[in-house]
Amino acid sequence: MRLLVLFVLAGSVSAADLLKSQALGSGVFALIGEIGGRTYENHALNANFGVIDTPDGAVLIDSGASFEGAKLLDAEVRRLTGKAVKWVINTGSQDHRWLGNGYFASRGAEVIALSRTVATQKANAIAESDALAALLKERFKGTQPAYASREPADDRAVLELGGRRLEIRYLANAHFPGDVVVWLPAEGVVFAGDHVYVDRLLGVLPQSNVSTWLDAFKAIKALSPVHVVPGHGSVTDLAGAQRDTGDYLAFVASGVRRFADDMAGVDQAVAALGDAPQFAHLANFAELHRGNVSRAYLRLEAGE
Ligand SMILES: [Zn+2]
């Protein structure tokens, strides 16, 4: 009996349970995932996604972390727009940005990503798949890394999809090499992917480059967006993005540079920069901040 109940509960999960949808006007939607970590329960959809309604079909920005997760996103897109996903754009190479590509390709959608982004996806595919298979267990079934069928080589791709103009823009290496934003100039909406974190602390990973990430952030500001859909956290404006991401990147980048210039060593940098009460309200601060400083310092010291 208990097993049956669990089965029914597991079978009834929908994207609307995991992601909050927010209309931004003109048929543009943000799907906001929880800001905590990946879990079995959330299908590793702990990130934000974008949906753009066009007369010819829907555009989905980022495809989720698995075949099953992609299926949930697909159902949510249909609920919001009444249409199937015709195009998928990947803003990055972290699992939840692209491991759902295979599902959408199998439904006839065109997957679009810059070749820089695809290159990092290829480099990360095995490690990401192994980690998610362990976490999502049977919910990972059917997931195979699948790459874009349209792969612009330039750093800026201007697309006309269903009569809508969208620009994919590579700005600089950020959270991962080859991360991009999707910019809707007519609507003033930027889907910033993992360039921008709101409400929670961003993560500096071994592949992240804080100083070029800060450059990318400045390039987002230069677009003068009205709405910033971050990779994680609430939809915001430039001031909100500045507060939770821009100021933090500047703090870490300039802080580690000061210590690296003096060849002070990573321990001293972490000790001095490890308390940053101005950012302590952000979720995950206690777990991530000191590691962020340490990785940013070591990367700078290595001269990368
Ligand atoms: Zn992310």
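Colleague: How many positive and negative side chains does the protein have, and how far apart do the centres of the two sets lie?

Modeller: One counts each kind of charge and then compares where the two sets are centred. In this predicted model, there are 29 positive and 34 negative side chains, and the centres of these two sets lie 4 Å apart.

Colleague: Which helices and strands make up the fold, and how many of each are there?

Modeller: The protein has ten helices and eleven strands. Its radius of gyration is 19 Å, close to the 19 Å that the globule rule gives for 304 residues, so the protein is as compact as a globular protein of that length. Along the principal axes, the C-alpha atoms fill a box of roughly 55 × 50 × 30 Å.

Colleague: What share of the residues counts as buried?

Modeller: Burial is judged residue by residue, with buried meaning under 20% relative accessible area, and here 53% of the 304 residues fall in that class. The accessible surface comes to about 12,500 Å², of which carbon and sulfur atoms hold 54%.

Colleague: Where does the largest nonpolar core draw its residues from?

Modeller: That core has 36 residues, and Val190, Val196, Leu202, Val210, Leu249 and Val256 are those with the most contacts inside it. At least two residues each are supplied by strand 9 (180–184), strand 10 (189–197), helix 7 (210–222), helix 8 (238–261), helix 9 (266–273) and helix 10 (285–301), and the largest share, eight residues, comes from helix 8.

Colleague: Which residues is Val256 in contact with, leaving aside its neighbours within four places in sequence?

Modeller: With those neighbours set aside, Val256 is in contact with Leu273, Val293, Ala296, Tyr297 and Leu300.

Note on methods. Residues numbered from 1 in each chain as written. Predicted model: local features only at pLDDT ≥ 70, side-chain atom pairs only at ≥ 80, totals over all residues. Heavy atoms only, no water. Helix = DSSP H or I, 4+ residues; strand = E, 2+ residues; numbered from the N terminus. Rg over C-alpha atoms; globule rule 2.2 N^0.38 Å. Buried < 20%, exposed > 50% of the residue type's maximum accessible area, 1.4 Å probe, protein only. Areas by Shrake-Rupley, 256 points an atom, 1.4 Å probe, with all protein chains shown as cover. Lys, Arg positive; Asp, Glu negative; His and termini not counted. Charge placed at Lys NZ, Arg CZ, Asp CG, Glu CD. Core = buried A, V, L, I, M, F, W, Y, C linked by side-chain atoms within 4.5 Å. Contact = heavy atoms within 4.5 Å.
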